[in-house]
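Hi everyone, thanks for coming. I'd like to walk you through one chain today, so have the viewer open and follow along.

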Amino acid sequence: MYYNSYDLTYKNPFGAVKTNTEVYFFVEVTDATEVYLVIKSDDGDYKYIWMNRIQKNDKIGYEITFIPDRAILYFYHFQINVKSKHNLLKNSYEQDFQLTVYDDYKVPDWYKNGIVYQIFPDRFYNPYKHPIDYKPNSFIYATWDDLPMNIINEEKELVRHDFYGGNLQGVIEKLDYLELLGVNIIYFNPIFQSTSNHKYNTQDYHKIDTMLGDEPTFKRLLDECKKRNMHVILDGVFNHTGDDSEYFKIAQNDKNSMYYSWYYFKDYPKTYESWWGFTTLPKVNSMNPTFRDFVMGKENSILSHWMKLGVDGWRLDVVDELDGEFVEEFKSSMKYFNKDSVLIGEVWEDASNKIAYSQRKKYFMGKQLDSVMGYPFRTNVIDFLNCSISGKQITDNFKLLKENYPREAFYANMNLLSTHDVPRLINMLNFDMDNFKSALALQMTFAGVPHIYYADEVGQQGAMTPDSRRAFPWNNINQDILKLYKKLISLRKNNRIFVDGEIKFKYLNDDVFFFTRYFDDENNIDKKVSVLIVRKTTILTIDLKYGTIFDVMNDCQLKVGEGTINHTFKKGFYIFSNYDLNK
């Protein structure tokens with residue numbers, strides 16, 4: 001018995017499908033009495049569908065066409081019945097395959113074609129000699145180059161908030177820098193009023209934090225971004241608020257206020273549910289009608305306030321802790337204000353089959369998320385370059401992700417390598433610059449939206465939080481790394497094949513990762529580019545039908561001969577192409 005869900009001979013079409021699409025299955029079986037497709041929807045029981053015997057060229061097997069009629073996950077395998085002299089033997093292909101079925105949707109092109117730049121505002125840039133405001137119970141670093149640290153007491157509680165003084169005016173003054181880098185999407189960590197530097201403990205959703213600026217400054221920033229054809233995405237933190245928020249303080253003092261029902265009080269007013277046990281972050285009932293209207297109502301809501309000002313999208317913090325109905329309503333309301341807006345979710349795993357709090361999430365069924373933060377992308381790249389997984393494993397991991405995600409989701413995946421919640425890429429790769437360059441080059445040639453965490457492009461270092469949130473080293477920029485970023489961003493933006501070309505993975509050996517980007521037909525050499533990442537020097541047999549092999553590390557073309565040859569590839573990143581990529 002043989003079945004391969006990646007091969008169109010056995011399953012057509014490949015991967016996720018739209019509702020009411022005919023899905024053809026073929027399983028190769030040489031000797032059987034009968035064969036069944038055993039399939040179930042995520043909320044149903046297995047159904048046994050009898051398959052027809054057929055001979056396809058030199059293959060003998062069984063086929064069936066299945067038409068899923070609703071957006072949901074299906075899981076399937078095959079049962080093979082073989083009759084012996086005395087009884088019927090039943091053998092199942094034990095592995096359950098996933099079939100993602102979704103209602104058709106489209107992610108705006110400006111996002112899929114973009115380069116995302118994440119800014120942690122307090123750490124980005126301050127054009128003044130001092131902060132523009134101060135917080136009680138906090139301290140300001142003496143110099144911009146000081147390393148961040150947490151001030152905690154004997155109970156390991158945070159007792160002082162720390163600030164550098166970066167602000168929105170500083171972002172405005174660096175927009176030309178970002179434009180020259182090639183960035184056209186800015187994703188901000190939270191910017192609303194809060195006591196902390198990270199601002200995930202919101203005090204007031206309708207007010208810009210006073211250490212960052214004010215609403216007129218933010219509007220000016222949006223206007224300056226529009227002039228440069230840049231888009232702005234905000235961080236939406238709606239699973240919890242700060243314990244010092246105006247909403248929670250009223251709830252604690254007045255049971256009759258509408259805010260009381262927003263929270264989960266256990267022993268009023270001092271004991272309540274909070275995010276992961278942090279009492280400074282009281283959990284919100286996101287399904288409360290008044291809270292939902294406050295967040296996404298048509299008038300005077302958080303969404304109406306900021307989207308009417310010119311915001312182009314949102315990233316939902318800890319989206320797996322928000323109810324699916326909330327996410328759907330948020331997406332619908334967001335589209336009401338701007339039909340070309342984008343909704344991104346913080347998901348750390350395969351988002352197509354995520355289960356949280358015993359509920360299967362429906363992020364990619366067509367009514368919720370456009371994109372997720374691509375932590376699996378980061379994990380695969382870092383683990384491969386660090387020799388924690390093999391070339392076979394990274395190939396299989398990306399094949400599975402591509403199979404599970406709708407095409408729009410896969411090409412809108414936010415392919416990140418560092419964020420404010422994890423160590424920076426350069427630290428994770430143990431300061432191996434060859435691997436750092438390979439990771440970046442892979443990111444810029446892969447399917448999905450490249451994401452840059454502020455200052456990665458100038459060589460900033462950072463271990464686990466808070467170290468990963470160091471200030472941008474404007475006086476100590478690594479020009480070589482910056483030059484490489486600009487070159488690879490330009491390569492992507494000037495060659496559409498890296499943005500929306502198809503992608504196909506091929507396993508060569510355990511020390512290389514290989515994939516091909518192509519238009520229309522992968523056999524058309526004039527519309528095809530192949531990418532090779534080598535983590536250890538290796539010998540490969542290659543067919544030199546390509547016109548050029550470009551060594552990205554050394555910024556040169558290789559001259560390796562003609563025809564099919566064996567060539568030794570040193571550690572690095574190579575692009576095989578039959579046309580000029582240096583435009």
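I'll go from the overall layout to the cores, then one helix, three sheets and a few backbone details. Please keep in mind that this is a predicted model.

Let's begin with the layout. The domain assignment splits out domain 1 (11–102), domain 2 (240–285) and domain 3 (503–577). If you take centres over C-alpha atoms, domain 1 and domain 2 are 50 Å apart. There is also an annotation from UniProt, in an unreviewed entry: "domain: Glycosyl hydrolase family 13 catalytic", placed at residues 118–492. In the model, that span of residues 118–492 is 34% helix and 16% strand, and its end C-alpha atoms lie 19 Å apart.

Now the cores. As a general point, nonpolar side chains in soluble globular proteins tend to be buried together. Here the largest nonpolar core has 138 residues, and the ones with the most contacts inside it are Tyr111, Tyr117, Phe218, Trp314 and Phe330. Helix 14 (residues 479–493) gives the largest share of this core, with 7 residues. Domain 2 (240–285) and domain 3 (503–577) each supply at least three residues to this core as well. Apart from it you'll find another core, this one of 25 residues, including Phe25, Ala32, Val35 and Ile64.

Next, a helix that makes a nice sanity check. How far should the 14 residues of helix 10 span? At 1.5 Å a residue, helix 10 (residues 391–404) should span 20 Å, and its end C-alpha atoms are indeed 20 Å apart, so the two agree. The buried residues of helix 10 are Gly391, Ile394, Thr395, Phe398, Leu401, Lys402, Glu403 and Asn404. Do notice that Lys402 and Glu403 are on that buried list. And what covers them? The cover over the buried residues of helix 10 includes strand 10 (97–102), helix 9 (375–385), helix 11 (407–412), strand 28 (502–506) and strand 29 (512–518).

On to the sheets. One is an open sheet of 3 strands in the order 12-14-13, with mixed pairing. Its edges are strand 12 (138–140) and strand 13 (151–152); each has a single partner strand, so one side of each is left without a neighbour in the sheet. Strand 12 pairs with strand 14 (residues 158–163) in the parallel sense, over 3 bridges. To see one of those partners on screen, pick serine 138, whose bridge partner in strand 14 is histidine 161.

Another open sheet has 4 strands, ordered 1-3-7-6, and its pairing is antiparallel. Strand 1 (11–12) and strand 6 (52–56) are the edge strands, each pairing on one side only. Strand 1 runs antiparallel to strand 3 (residues 23–28), joined by 2 bridges, and asparagine 12 stands opposite tyrosine 24.

Then there's strand 32 (residues 548–551). Thr548 and Phe550 point one way, Ile549 and Asp551 point the other way, and all are buried. Strand 32 has an antiparallel neighbour in strand 35 (residues 572–577), through 4 bridges, with isoleucine 549 opposite phenylalanine 576. Strand 33 (residues 556–557) also runs antiparallel to strand 32, through 2 bridges, and there phenylalanine 550 has glutamine 557 as its bridge partner. Strands 32 and 33 form a hairpin with 4 residues between them, and aspartate 555 in the turn has a positive phi of about 55°.

That brings me to the backbone. In general, most residues other than glycine have a negative phi, and most peptide bonds are trans. So where are the exceptions worth a click? Asparagine 12, which we've just met, is joined to proline 13 by a cis peptide bond, with omega about 5°. Proline 13 sits in the loop between strand 1 and strand 2 (17–18). A cis bond also runs from threonine 465 to proline 466, with omega near 10°, and proline 466 is in the loop between strand 27 (449–453) and helix 14.

For positive phi, try lysine 156, near 60°, in the loop between strand 13 and strand 14. Is lysine 156 buried or exposed? Lysine 156 is exposed, because its relative accessible area is 70% and the cut-off for exposed is over 50%. Tryptophan 276 has a positive phi near 50° and lies in the loop between strand 20 (271–272) and helix 6 (289–296). Tryptophan 276 is exposed too, with a relative accessible area of 66%.

That's my tour, and I'm happy to take comments.

Definitions and conventions:
Residues numbered from 1 in each chain as written. Predicted model: local features only at pLDDT ≥ 70, side-chain atom pairs only at ≥ 80, totals over all residues. Heavy atoms only, no water. UniProt positions renumbered as here; feature names shortened; annotations may be inferred. Expected span 1.5 Å × (residues − 1). Buried < 20%, exposed > 50% of the residue type's maximum accessible area, 1.4 Å probe, protein only. Contact = heavy atoms within 4.5 Å. Core = buried A, V, L, I, M, F, W, Y, C linked by side-chain atoms within 4.5 Å. Domains from an automatic or database assignment. Pairing = 2+ DSSP bridges.
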